[in-house]
Amino acid sequence: MKTITVDASKKYDVVIGAGILDVAGELIRNARRLTAPGAAAGGAVAGGDGATAVQAAAAAGAGVQGVAGAGAAAGAAVQAATAVQATAAAGAAGADGLGEVEPGAGAAAAGGQGAAVAGPGAVAIVMDDVVAALYGERLSGSLAKCGFHTCEFIFPHGEASKNTDTFLALINFLAEQKFGRGDAVVALGGGVTGDVAGFAAACYMRGTGFVQIPTTLLAAVDSSVGGKTAVNLAGGKNLLGAFYQPDLVICDVSLLSTLTPEVYADGCAEIIKYGVLADRALFDSLITPVRDRMEEVVARCVEIKRDVVAEDEFENGGRKILNLGHTAGHAIEVLSGYGVSHGRAVAAGMAIATRAAVRMGICDDSCLREVLAMLKLYDLPVGARYPADKLADACLSDKKREGSGLTMVFPLEIGRCVLKKIPFGELESVIRLGLEE
Ligand SMILES: NC(=O)c1ccc[n+]([C@@H]2O[C@H](COP(=O)([O-])OP(=O)(O)OC[C@H]3O[C@@H](n4cnc5c(N)ncnc54)[C@H](O)[C@@H]3O)[C@@H](O)[C@H]2O)c1
């Protein structure tokens, strides 16, 4: 298991490992913001002595048996109780130093250095129908074991659900469930789930707890980290959204084994993107299939994203580099009525940007050959069937337009990219350069 800490406006951990869905309850209970003020994070579980929340949760994960074995009687009580009952159980156990409990936040305490562990009283698990059938029960079981009240919001899978209807239905669901700010929305799923759930968490009561549990490769390496949340409007993709960082990301790479080849390839497109924009060694390593070393590759991509986000959380400058392939990519998604998946669209967009870069003298032909070969290795598209004028038009509804132009990302070489502002009047010809075989 590996933990990567993202230091943005909110500091949070990305925990990556195999099989960790089953300890999601412990991990969430010990996450920074989801812990009540004054509580010694994870103390009850790990016998806390200043261990970080994640270390403590790791200890818990290493053996929930460890709770009993360590003689943490109150800890055991916490596991069996609901959030509210847990407070009483802790009191009965005579624990001191229980932090002040905010409305909506369940709390539990245990012996040992006056440690208190608190978590949100309720958790709304947001997932699409496919993921709900595969993993819903395991997650709710893990949460229930830790005393959380859980409820589930399930919507039909696919990009078509990433809209204001799903968003509003989720918001109303949270209100019906009498959710408070101290409760948490948990997104169990791919990028669609994370984007909708994250936007709802950002808006409901001006911000509730939010946990991402990515179940697609794309969500693991990209969308679950960095705090971009959004839904699509008729006028374009991701037009309604917010920057809202999660409190915790739990990435169980074993969940990726059930992905279809197409959804797996979508994630690989984003991984190739990271290699092209920031890491030659990562790019070269992709000759060995990603599926054979998921944990290592996911961790490297998250590190790259962490570094970029730490420098420019709100995408005023450097973060735009992550949009390699996204300008033409978003246009392809929109023109196809979202029939082309995000990952495949980004792959095509990356090929278009790299071809254009060669013809504009930004990079040399060998870079293009390498990018195209790698995309083909993962069965990803290297072009689009839409004409340049239609693509340029669709790009103009992209939220990344600024003033008189639009910033595009071009490779300089594998591992290094550059941002260039393209005036609106030149966009069509740049895209045409990128489409010509
Ligand atoms: N917020 C960001 O920073 C960011 C970054 C990149 C992409 N995105 C967004 O992410 C979305 C694409 O994400 P995606 O590709 O994960 O799509 P997705 O969420 O629609 O998932 C793709 C499909 O995989 C299924 N699935 C999910 N997990 C599975 C599993 N473990 N086993 C089997 N099937 C599973 C889903 O049911 C769905 O049918 C786009 O909307 C894109 O705009 C957001």
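1. How do the residues of the shell around the ligand divide into nonpolar, polar and charged? In this predicted model, the split is 10 nonpolar, 15 polar and 7 charged.

2. Now for who is in that shell. The ligand is surrounded by 32 residues, and the closest are Val130, Gly190, Gly191, Thr216 and Ser223. If you want to go by elements, those giving two or more residues to the shell are α7 (129-145), α9 (191-203), α10 (217-223), α11 (261-278) and α15 (342-359).

3. One of those helices, α15, is worth following further. α15 also packs with helix α18 (residues 424-435), at an angle of about 100° and with the axes 7 Å apart. Angles of 65 to 115 degrees count as roughly perpendicular, so α15 is roughly perpendicular to α18.

4. On to the residues at that helix contact. From α15 come Ile352, Ala353, Arg355, Ala356 and Arg359; they meet Val430, Ile431, Leu433, Gly434 and Leu435 of α18. Sorted by class, the contact has 7 nonpolar residues, 1 polar and 2 charged.

5. Last, a look at the hairpin. Strands β13 (residues 405-413) and β14 (residues 416-423) run antiparallel and are joined by 8 bridges. Glu413 has Arg416 in β14 as its bridge partner. The hairpin has 2 residues between the strands, and Gly415 takes a positive phi near 100° there, in case you are checking backbone torsions.

Notes. Residues are numbered from 1 along each chain as its sequence is written. This is a predicted model: local features need pLDDT of at least 70, side-chain atom pairs count only at pLDDT 80 or more; totals for chains, interfaces and linings use all residues. A residue is near a molecule or strand if its C-beta atom, placed from the backbone, lies within 6 Å of it. Helices (H or I, at least four residues) and strands (E, at least two) are DSSP runs, numbered from the N terminus. Ala, Val, Leu, Ile, Met, Phe, Trp, Tyr, Cys and Pro count as nonpolar, Asp, Glu, Lys and Arg as charged, and the others, Gly among them, as polar. Axes are lines fitted to C-alpha atoms, for helices over the stretch in contact, and angles run from 0 to 180 degrees between N-to-C directions. Angles under 35 degrees count as roughly parallel, over 145 as roughly antiparallel, 65 to 115 as roughly perpendicular and the rest as oblique. Two residues are in contact if their C-beta atoms, placed from the backbone, lie within 7 Å. Two strands pair if DSSP finds at least two bridges between them.
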